[in-house]
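Me: I have a model open with a ligand in it. Please show me how to read the ligand site.

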Amino acid sequence: MTDTYDILIIGGGPGGYVAAIRAAQLGFKTAVVEREHMGGICLNWGCIPTKALLRSAEIYHYAEHAQNYGLEIAKPSFQMDAVVKRSRGVSAQLNGGVSMLMKKNKIDIIWGEAKLSKAGKGGPVEVTVGEPSKPAVLPQNPVPKGVLGHGAYKAKHVIVATGARPRVLPGIEPDGDRIWTYFEAMKPAAMPKSLIVMGSGAIGIEFASFYRTMGADVTVVELLPQILPVEDAEIAAVARKQFEKQGMKILIDAKVAKVAKTGSGVEVTIEQGGKTQVLSAERLISAVGVQGNTEGLNLEGVGVVIERGLVKIDAYGRTNVEGVYAIGDVAGAPMLAHKAEHEGTICVEKIKGLDAHPMKKTQIPGCTYCQPQIASVGLTEAKAKEGGREVKVGRFRFIGNGKAIALGEPDGMVKTVFDAKTGELLGAHMVGAEVTELIHGFVIAMGLETTEEDLMHTVFPHPTLSEMMHESVLDAYGKVIHM
Ligand SMILES: Cc1cc2nc3c(=O)[nH]c(=O)nc-3n(C[C@H](O)[C@H](O)[C@H](O)COP(=O)(O)OP(=O)(O)OC[C@H]3O[C@@H](n4cnc5c(N)ncnc54)[C@H](O)[C@@H]3O)c2cc1C
């Protein structure tokens, strides 16, 4: 079979399917090749199912603390299989939704694993679709109805949106049983009594928070001097204090040197400050980052430059080879779904010849949905100073906000970093209840290049948590009201 498309996208994750919809809207004949699950990691094993698990944990937490709100609830309990079933159901619903969107936009889905067979050089790019080279890590979702099958396809433009997979440290290879990646952590057969989480980035901390709230004995081991290493140090410190208050153990400047499997779990050798200790737990979650899916695509074969395991692109997703583009996790950090989606849109609009504006990577927000939540955009105070900026910093703590007190959420902070000379908002950092729903306010402000004056003159509704964003700005300029 040979079918010819204007745009063929390899990978049906948030980067790929959003690029496909935008391409169809612009009138391109479009196809998506997917080997495992429409919606990619995000919908099936990442953003969405974790948030469903964390929602169960949040409700469990509130039920446990109902008396704080004057309510009486008999001691809550849970069935882990029901919690997991709900999370998987949420993923399945959205996975089906993506297939429907493809159908609605008349986008072909081709089921199988794609690789490039011929670069464009004036003609179309050729792609072969065959059987997946490896079985899925965990059972895949059902193949959507009405998809096209294996064969040779041609397209004027091919967008590689193949995403990423868990990074594996030598000697600490996940085995699907005692040593988990996010795949197994998302779908535990039973609740482990104890757990060691290696790595304290967003993925590690979200799982640590979920399992701790559900009652597991959780220890987080972080190689660097702070948990949540990309976040502002002060925000990470507030979060750490809350996690420790909840009973989570946290080791920083600590290296997992060895993991040995025992009859009932794992023995983990940890080196910290010149000393070695061995911790035992039922399970270990390896959360040491992800690596791009660049292999098996014959990218180098057609001349595409790969740098440190990621496809090298320009601001519009173009690789060095005509007609071949890359977006999302496979094209580099920050490895976030909203970044993948935007890159998809920018790439397709540029192909159309529209005035696509390149993404400002410094204005991509990052959120971690643990309890307390963390959200940020722009430069941390330390990074701003490292970059030679003279800064004005504002802080406002949740304890001074009426809504936070009414919600029973007095712990947290909003921090803003301004350029002292120009008033430019360089960064905003938050920890506490619902901050992942607040951060977009600062993202819009940065995008519109608002200054401290604009923010100070903005009226925020009362009583809301958002008032703390205003207060933090006021604090940077010595005008804070409620502190
Ligand atoms: C546990 C976890 C939690 C996360 N939480 C968040 C969050 O809260 N917010 C956030 O923004 N991000 C989150 N992420 C990151 C987010 O999932 C990724 O950034 C996002 O999925 C990247 O989208 P993508 O389209 O680049 O790739 P993916 O979503 O990985 O999709 C790539 C697709 O390509 C397919 N594919 C690969 N190779 C081929 C091939 N050769 N042929 C055919 N198909 C192929 C794969 O099967 C996959 O479906 C999380 C990730 C994890 C693991």
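**Reading the ligand site**

Reply: Start with a side-chain contact: an oxygen atom of the ligand is 2.8 Å from an N or O atom in the side chain of D329. This is a predicted model, in which local features need pLDDT of at least 70, side-chain atom pairs count only at pLDDT 80 or more, and totals for chains, interfaces and linings use all residues. Residues are numbered from 1 along each chain as its sequence is written, and side-chain values use heavy atoms, with hydrogens and water left out.

Me: Which other residues have an N or O atom listed beside an oxygen atom of the ligand?

Reply: A polar contact is a pair of N or O atoms within 3.5 Å. The side chain of E34 has an N or O atom 2.6 Å from a ligand oxygen. M335 uses a backbone N or O atom, at 3.2 Å. The protein covers 95% of the 1,000 Å² of accessible area that the ligand has on its own (Shrake-Rupley method, 1.4 Å probe).

Me: How many residues surround the ligand?

Reply: Count residues with a heavy atom within 4 Å of the ligand. Here 39 residues surround the ligand, and G15, E34, K51, D329 and A337 are the closest.

Me: Which helix or strand gives the most to the shell?

Reply: Helices are DSSP runs (H or I, at least four residues), and strands are too (E, at least two), numbered from the N terminus. α2 gives the most, with four residues. α2 spans 40-45. Among others supplying at least two residues each are β2 (30-34) and α8 (337-352).

Me: Is V256 buried or exposed?

Reply: Buried means under 20% relative accessible area, exposed over 50% (1.4 Å probe, protein chains only), and partly exposed lies in between. V256 is buried, at 10%. V256 sits in strand β12 (residues 254-261).

Note on methods
A polar contact is a pair of N or O atoms within 3.5 Å; within protein, one must be able to donate a hydrogen and the other to accept it, and residues adjacent in sequence count only if both atoms are side-chain atoms.
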